[in-house]
Amino acid sequence: MGSAAAWALSARGASVIGLEQFSLGHNRGSSHGRTRIIRRIYSEGSLYTGLIEAAYEGWAAIGRQAGRDFLDKTGGLDISLSQGGIFEDALAAAMQSGQPFEVLEGVDLETRFAMMDLGGRGRGVFNADAGLIDSDEATQWMRQRAVEQGARLLEETPVNGWSRTQRGFEIETDTARYPCRKLIIAAGAWVGELVPALAPVIIPERQVIGWYHADERFDDMPIFQLESEDRERFYVFPPHGGHGIKAGLYNHRRERGMEHVPPRGVDEADLALLERGLSLCLPDIRPEPVETMECRFTNAPGDRFVIGTMPQDNDLIILSPCSGHGYKFTPAIGEIAADLALEQETRVDIEPFSLQRVL
Ligand SMILES: Cc1cc2nc3c(=O)[nH]c(=O)nc-3n(C[C@H](O)[C@H](O)[C@H](O)COP(=O)(O)OP(=O)(O)OC[C@H]3O[C@@H](n4cnc5c(N)ncnc54)[C@H](O)[C@@H]3O)c2cc1C
């Protein structure tokens, strides 16, 4: 989100400095892991509609500027293995959205996507606009573009604190103090360290993802979310960029709190959870991963985002759009940050994500 804000602000001629505590593109936050899912039919609810439209427009604009598409529309499915749940939510969202969609159930679903074996129990909503984003590459492109547009991005530069001054803010690092007129804090899992009022409400949560060897039968697989009978939700990506199938379990082991932020290594219990997800839908996939990574969600109440200015301070902008589903909105959120910093308002409806809601 910081990279996107730097990109959008510098594109509008603002003078930008970005400070990152680790290396740029590091793997200790929420954004690494090569790819992220994007969905147009949003089972999370209609409050995301404005953001979704802005996000698809944003990715198209970035595609034009970059001369390459970071978004690969593989199509996407929201599947439940029992009554209710994600299938019903996606169906309601699909009907409300006005977007084209298909309902596929039982044998029909497995005939259409023959690489899946759901035991005839699957009920899914398919949308052709869903897909995956080459997120590592897209974020890197935003940073590079920001620098070309005049932004200064400093890595290995932890922010130790900030204070209000008469003309704006002063940011303190180990070696320097930086004055600025507007301050955007997009600190992910660490946001509570820079904005203590948010520490009790924005809670990091450890996640694990795995990549699995897959042959050409899986090449045309859509991205999908699968809700099991016991309401666990898995997400699965088709093979991409030579890295095989990627899979994860939302909320994983529900390990929440700052103590779960530092990487500690993936163990057998982590792998067993991912293996269970694969066994429910892709039993032909060998359950030994080719690669694994740890990552972290930064959960806000109701799994919503926190985006906006601090109450009583229009110059201090917080971007905490994670709760496990924020990446797809990155270009939109960069533009929103630029709108708030330069115009004090934005055309996208961010009321559902306001700071007032959580503070
Ligand atoms: C496993 C996993 C799967 C996901 N899947 C999807 C998906 O399929 N689709 C989707 O849309 N979203 C998905 N998400 C969510 C999405 O990736 C996040 O919403 C998004 O990446 C959050 O970005 P961020 O900039 O808020 O956080 P981060 O990328 O973590 O950035 C915060 C940055 O702030 C830096 N920082 C913190 N404190 C300081 C300080 N004091 N000084 C300097 N720098 C500091 C950190 O080092 C870090 O680089 C997923 C997340 C995870 C973990």
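**Exercise 1.** Find the residue just after α8 that takes a positive phi.

*Solution.* Start where α8 stops. Q344 comes just after α8, and its phi is positive, about 65°. Helices (H or I, at least four residues) and strands (E, at least two) are DSSP runs, numbered from the N terminus. Residues are numbered from 1 along each chain as its sequence is written. The model is predicted: local features need pLDDT of at least 70, side-chain atom pairs count only at pLDDT 80 or more, and totals for chains, interfaces and linings use all residues.

**Exercise 2.** Check the span of helix α8 (residues 330-343) against the expected value.

*Solution.* First, the rule: the expected span is 1.5 Å times one less than the number of residues. Next, apply it. α8 has 14 residues, so it should span 20 Å. Last, compare. The end C-alpha atoms are 19 Å apart, which agrees.

**Exercise 3.** Decide whether α8 is mostly covered or not, and name what its buried residues pack against.

*Solution.* A residue is buried if 20 or more other C-beta atoms lie within 10 Å of its own, exposed if 12 or fewer, and partly exposed in between; C-beta atoms are placed from the backbone. In α8, 11 of 14 residues are buried, so by this definition the helix is mostly covered. Among them are T330, P331, I336 and L340. Now look for contacts (C-beta atoms, placed from the backbone, within 7 Å). The buried residues pack against α1 (2-11), α2 (49-66), β12 (183-185), β18 and β19.

**Exercise 4.** Sort residues of helix α7 (residues 268-281) into buried and exposed.

*Solution.* List the buried ones: D270, L274, G277, L278, L280 and C281. They cover an arc of only 165° around the axis, which puts them on the same side of α7. That arc is taken from the directions from the helix axis to the C-beta atoms. An α-helix has 3.6 residues a turn, so residues three or four places apart point the same way. Turn to the other side: E268, A269, A272 and S279 are exposed there. Finally, find the cover. It includes β13 (203-212), β14 (223-227), β15 (233-237) and β16 (245-249).

**Exercise 5.** Describe how β18 (residues 306-310) and β19 (residues 313-320) pair.

*Solution.* Two strands pair if DSSP finds at least two bridges between them. β18 and β19 have 5 bridges, in the antiparallel sense. Pick one residue: I307 has L319 in β19 as its bridge partner. Then inspect the hairpin. It has 2 residues between the strands, and Q312 takes a positive phi near 65°.

Conventions: Two residues are in contact if their C-beta atoms, placed from the backbone, lie within 7 Å.
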